[in-house]
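These are my notebook entries on one protein chain. I set down what I looked up, entry by entry.

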Amino acid sequence: METVRRLGSEKPVVIFSKSNCCISHAIKILISSFGANPTVYELDHLPKGREVENALLTLGCNPSVPAVFIGKIFVGGSNEVMSLNVKGKLKPLLIEANAIWM
């Protein structure tokens, strides 16, 4: 769990993903479309990816990916990120985290 929180707080936007997950890909594209450059951890490419995935499940991510941290705060998965976008709250959150500048 500590590894997930540490990795999630290292950069303004962190996405835990799997390289074969189309929903993770869509979330990466959405966040990048605002001009952000998220740090992406592909769990299927990490030596301890399974441990990280278990920690994400413990955080309440079900499914485990995508899992998004913005501004050192766990935002959630695809539903939460898409909901923030639809409500017009994703861009301000990215600005506040210094992931993008306006």
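The entries below go from the whole chain to single residues.

**Entry 1: the overall fold**

I noted at the outset that this is a predicted model. I then looked up the secondary structure and found five helices and four strands in the chain. Reading along the sequence, I wrote down the order as α-β-α-β-α-β-β-α-α. I next asked how the radius of gyration of the chain stands against the globule rule. The radius is 12 Å, and the rule gives 13 Å for 102 residues; the two values are close, so the chain is as compact as a globular protein of that length. For the dimensions, I recorded that the C-alpha trace spans about 35 × 25 × 20 Å along its principal axes.

**Entry 2: burial, contacts and surface**

I looked up what share of the chain is buried, and 44% of the 102 residues count as such. I then turned to contacts between residues with a separation of 6 or more. Of these, 62% join residues that are 24 or more positions apart. The accessible surface comes to about 5800 Å², and carbon and sulfur atoms account for 54% of that area. For the charges, I recorded 11 positive and 8 negative side chains. The centres of these two sets are 5 Å apart.

**Entry 3: the aromatic rings**

How many aromatic pairs does a search of the whole structure find? It finds three. I reminded myself that a pair of aromatic rings is described by the distance of the centres and the angle of the planes.

I began with Phe16 and Tyr41, whose rings are stacked, with 5.5 Å from centre to centre and 25 degrees between the planes. Phe16 belongs to strand S1 (residues 13–17) and Tyr41 to strand S2 (residues 39–42), so that this pair links distant parts of the chain, 25 residues apart. Both Phe16 and Tyr41 are buried.

I then followed Phe16 to a second partner, Phe69, and found an edge-to-face pair. Here the centres are 5.9 Å apart and the planes are at 70 degrees. Because Phe16 lies in strand S1 and Phe69 in strand S3 (residues 67–70), the pair ties together parts that are 53 residues apart in sequence. I checked the relative accessibility of each: Phe16 is at 0% and counts as buried, and Phe69 is also buried, with a value of 2%. Finally, I noted that Phe16, Tyr41, Phe69 and Phe74 make up one aromatic cluster.

**Entry 4: Glu53**

I looked up where Glu53 sits, and its place is in helix H3 (residues 49–59). Is Glu53 buried or exposed? Its relative accessibility is 10%, and residues under 20% count as buried, so Glu53 is buried. Leaving aside residues up to four places away in sequence, I found that Glu53 touches Lys18, Leu43 and Ser64.

**Entry 5: peptide bonds and backbone angles**

I opened this entry with a general point: most residues other than glycine have a negative phi, and most peptide bonds are trans. I therefore wrote down the departures from this pattern that I came across.

The peptide bond from Asn62 to Pro63 is cis, with omega near 10 degrees. The bond from Val65 to Pro66 is cis too, with omega near -5 degrees. I located Pro63 in the loop between H3 and S3, and Pro66 is in the loop between H3 and S3 as well.

Which sign does phi of Lys72 have? It is positive, near 70 degrees, in a residue other than glycine. Lys72 is found in the loop between S3 and S4, and it is exposed, with a relative accessible area of 59%.

Asn98 also has a positive phi, near 60 degrees. I placed Asn98 in the segment after helix H5 (90–96). At 45% relative accessibility, Asn98 counts as partly exposed.

**Entry 6: Ile73**

My last search concerned Ile73, which is in strand S4 (residues 73–76). Its relative accessibility is 56%; the limit for an exposed residue is over 50%, so Ile73 counts as exposed. I also looked up how far Ile73 is from Arg5, 68 residues away along the chain. Their C-alpha atoms are separated by 8.7 Å.

Methods. Residues are numbered from 1 along each chain as its sequence is written. This is a predicted model: local features need pLDDT of at least 70, side-chain atom pairs count only at pLDDT 80 or more; totals for chains, interfaces and linings use all residues. Side-chain values use heavy atoms; hydrogens and water are left out. Helices (H or I, at least four residues) and strands (E, at least two) are DSSP runs, numbered from the N terminus. The radius of gyration is taken over C-alpha atoms; the globule rule is 2.2 Å times the number of residues to the power 0.38. Buried means under 20% relative accessible area, exposed over 50%, partly exposed in between (1.4 Å probe, protein chains only). Contact means heavy atoms within 4.5 Å. Accessible areas come from the Shrake-Rupley method with a 1.4 Å probe; for residues, only the protein chains shown count as cover. Lys and Arg count as positive and Asp and Glu as negative; His and the chain ends are not counted. The place of a charge is taken as NZ of Lys, CZ of Arg, CG of Asp or CD of Glu. Rings of Phe, Tyr and Trp (its six-membered ring) pair if their centres lie within 6.5 Å; planes under 30 degrees apart count as stacked, over 60 as edge-to-face and the rest as tilted.
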